[in-house]
Amino acid sequence: MTDLFYLAIMPAAHHLQIVLVEPEIPPNTGAIARLCAATHTVLHLVEPLGFKLDDRSLKRAGMDYWHQVTWRTWPDWASLRAAHARARFHFLTTKTSRPYTEARYAPDDFLVFGRETKGLPESLLKENEASCLTIPMANPQVRSLNLATAAAIVLFEALRQVRA
């Protein structure tokens, strides 16, 4: 799997983007890749990754859809941000009270998710406080949702708004 091949099949249209900052669990990333394939959403993986891109569980979770995913890896957050300086970014975190449903999404927006165990870095959240969103949960005993589940919830709200 090379970035150039997958970027080359990208249709010339607007697409939402999912960013995983330092993902750790291969099946989550694979499931999100499958989600991206199903919705024509671009996937960005910000290193370091907690796995190798040839990991069997990553491939298994993405099933045979990897060839339909437009994706790219980035050596760090600064590289991705510099390449998309004019883009709008929404940062998903449990450390804010603004629900993801209050955001107004547009085509080409970036939905940014952090590591499964720690979320997004505090410095990134502080720098982008006005763009932080959360998925409200009724049970305060639950810290967070599975990364793939959270990505699907927010992505489908963004798609609903963009396609409305």
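For sorting pocket residues here, Ala, Val, Leu, Ile, Met, Phe, Trp, Tyr, Cys and Pro count as nonpolar, Asp, Glu, Lys and Arg as charged, and the others, Gly among them, as polar. Keep that in mind for later; the sheet comes before the pocket.

What you're looking at is a predicted model, so a word on confidence. The chain averages a pLDDT of 90, and 90% of the residues score at least 70. Residues 1-12 are another story: pLDDT stays under 50 there, and the model gives this stretch 24 contacts beyond four places in sequence.

Now to the sheet. Six strands make up an open sheet with parallel pairing, and reading across you get S3-S2-S1-S5-S4-S6. Strand S3 (71-74) and strand S6 (132-133) sit at the edges with a single partner strand each, so one side of each has no neighbour in the sheet. Helix H6 (residues 147-163) packs on this sheet, where it touches strand S1 (17-21), strand S4 (89-92) and strand S5 (110-113). The direction of H6 makes about 160 degrees with that of S5.

Back at the S3 edge, strand S2 (residues 42-46) runs parallel to S3, and four bridges join the two. If you want a spot to zoom in on, try His44, whose bridge partner in S3 is Arg72.

Two loops have backbone details to check. Follow S2 into the loop that leads to helix H3 (56-62) and you'll find Pro48. A cis peptide bond joins Glu47 to Pro48, with omega at about 5 degrees. The other loop, between S1 and helix H2 (26-39), holds Glu22. Glu22 isn't a glycine, yet its phi is positive, at about 55 degrees.

That leaves the largest pocket, with a volume of about 510 Å³. Its lining takes in 21 residues, and Thr94, Arg115, Gly119, Ser144 and Leu145 lie nearest the centre. By the sorting we began with, the lining divides into eight nonpolar, eight polar and five charged residues.

Technical notes. Residues are numbered from 1 along each chain as its sequence is written. This is a predicted model: local features need pLDDT of at least 70, side-chain atom pairs count only at pLDDT 80 or more; totals for chains, interfaces and linings use all residues. Side-chain values use heavy atoms; hydrogens and water are left out. Two strands pair if DSSP finds at least two bridges between them. Contact means heavy atoms within 4.5 Å. Axes are lines fitted to C-alpha atoms, for helices over the stretch in contact, and angles run from 0 to 180 degrees between N-to-C directions. On a 1 Å grid over the protein atoms alone, a cavity is a set of points where a 1.4 Å probe fits but cannot get out, and a pocket is an open set with protein on both sides within 12 Å along at least five of seven lines; lining residues have an atom within 4 Å of a point. Grid points are joined across faces, edges and corners, and a volume is the space filled by probe spheres set on the points. pLDDT is the predictor's confidence in each residue, from 0 to 100.
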